[in-house]
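Work through the exercises below. Try each task before reading its solution.

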Amino acid sequence: MSVMKRLILTAVVMFMCAVVAIAQPPTTKPVPQRKGWDNTENPLYGNVAKVTLRKKDHSQGVGIVYHHVVYTFNAAGDKVEEVYYQDEYGAMKDCKTRWEYYPSGMTKRYVRTDMSGKVLEDITMDQTEVPAERFPAAQVAGKTITEDLYDDFGDKQGKEIRRFDAKGKILFYQQVSDYEGVIYEEHWSYDEKGRVKTYELAVDAYDIEGGYRKELHSYDAKGRKSEVKYMWVKDGPVAMRAVYKYDVQGNLTKVTRYSDQTTIQSTDEYQIQYRQ
């Protein structure tokens, strides 16, 4: 697999796979405890004080750390600090981000600095209501919604099409250019519990490697994601699979991606520190 394809996959999996926890061994997920964790698909549960994430590239036979982030949480469950350490490929310099919150849990202040403390960004926010969801499930259920797309000068460039199932879950997304035709298209399917069963990136006109990816998602008896299989060619063979491992409390501790049955391509390793 090329470096570009691997990095695209890594970005997708990073957005999808954060920390999951099951307080007891029940077969259903508990109500999320956290306010500040920014992964809505897999919220962080339990009294976690810190999470250290290291992503490693094993394609050369040695695990090279290319992504290293440390997240710190306060007792209320808000993410109060994120420290990003420079990766082996030099994609980003070391930086630190801190959050402050109103008693309601709304973000009060956002500060990003370099490691010496030099302020790169400092934003104070008013305590306002959470913005309304753009496509509320109850309002879009069973509908197809088409919206025009415009450039910065107000000229129409194309349209977006979204189709939702009877429960308001996205089934289809397509972006159509007035000049180039379909330039992006995605498909989703769900199991009986509403979890993603398959995902298909059918068209990505600007991906020089073909712009196709299909994912097959599997879950364990406790409802946690256990494996994802990837295909790079339509109706082609499985080219990669990701296997998920959890600790005794149910927190995700490792994602291992295999290019075949035994060859490790990359790993995501989560070190969980619980508050005493």
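Buried means under 20% relative accessible area, exposed means over 50%, and partly exposed lies in between. The model used here is predicted.

**Exercise 1.** Classify Asp220 and Arg224 as buried, partly exposed or exposed.

Solution. Step 1: Asp220 has a relative accessible area of 23%. Because this lies between the two cut-offs, Asp220 is partly exposed. Step 2: Arg224 has a relative accessible area of 11%, so Arg224 is buried. Step 3: the side chains of Asp220 and Arg224 meet in a salt bridge, 2.9 Å from N to O.

**Exercise 2.** Find where the salt-bridge partners Lys156 and Asp178 sit in the chain.

Solution. Step 1: the closest N and O atoms of Lys156 and Asp178 are 3.2 Å apart. Step 2: Lys156 is in strand 8. Asp178 is in the loop between strand 9 and strand 10. Step 3: the two residues are 22 residues apart, and the pair links distant parts of the chain. Step 4: Lys156 is partly exposed at 33%, and Asp178 is partly exposed at 42%.

**Exercise 3.** Describe the surroundings of Thr97 and Ile264.

Solution. Step 1: Thr97 is in strand 4. Its relative accessibility is 5%, so Thr97 counts as buried. Step 2: leaving aside neighbours within four places in sequence, the contacts of Thr97 include Val80, Glu82 and Tyr110. Step 3: Ile264 is in strand 16. At 32% relative accessibility, Ile264 counts as partly exposed. Step 4: with neighbours within four places in sequence again left aside, the contacts of Ile264 include His58 and Tyr258.

How values were computed
Residues numbered from 1 in each chain as written. Predicted model: local features only at pLDDT ≥ 70, side-chain atom pairs only at ≥ 80, totals over all residues. Heavy atoms only, no water. Helix = DSSP H or I, 4+ residues; strand = E, 2+ residues; numbered from the N terminus. Buried < 20%, exposed > 50% of the residue type's maximum accessible area, 1.4 Å probe, protein only. Contact = heavy atoms within 4.5 Å. Salt bridge = Lys/Arg side-chain N within 4 Å of Asp/Glu carboxyl O.
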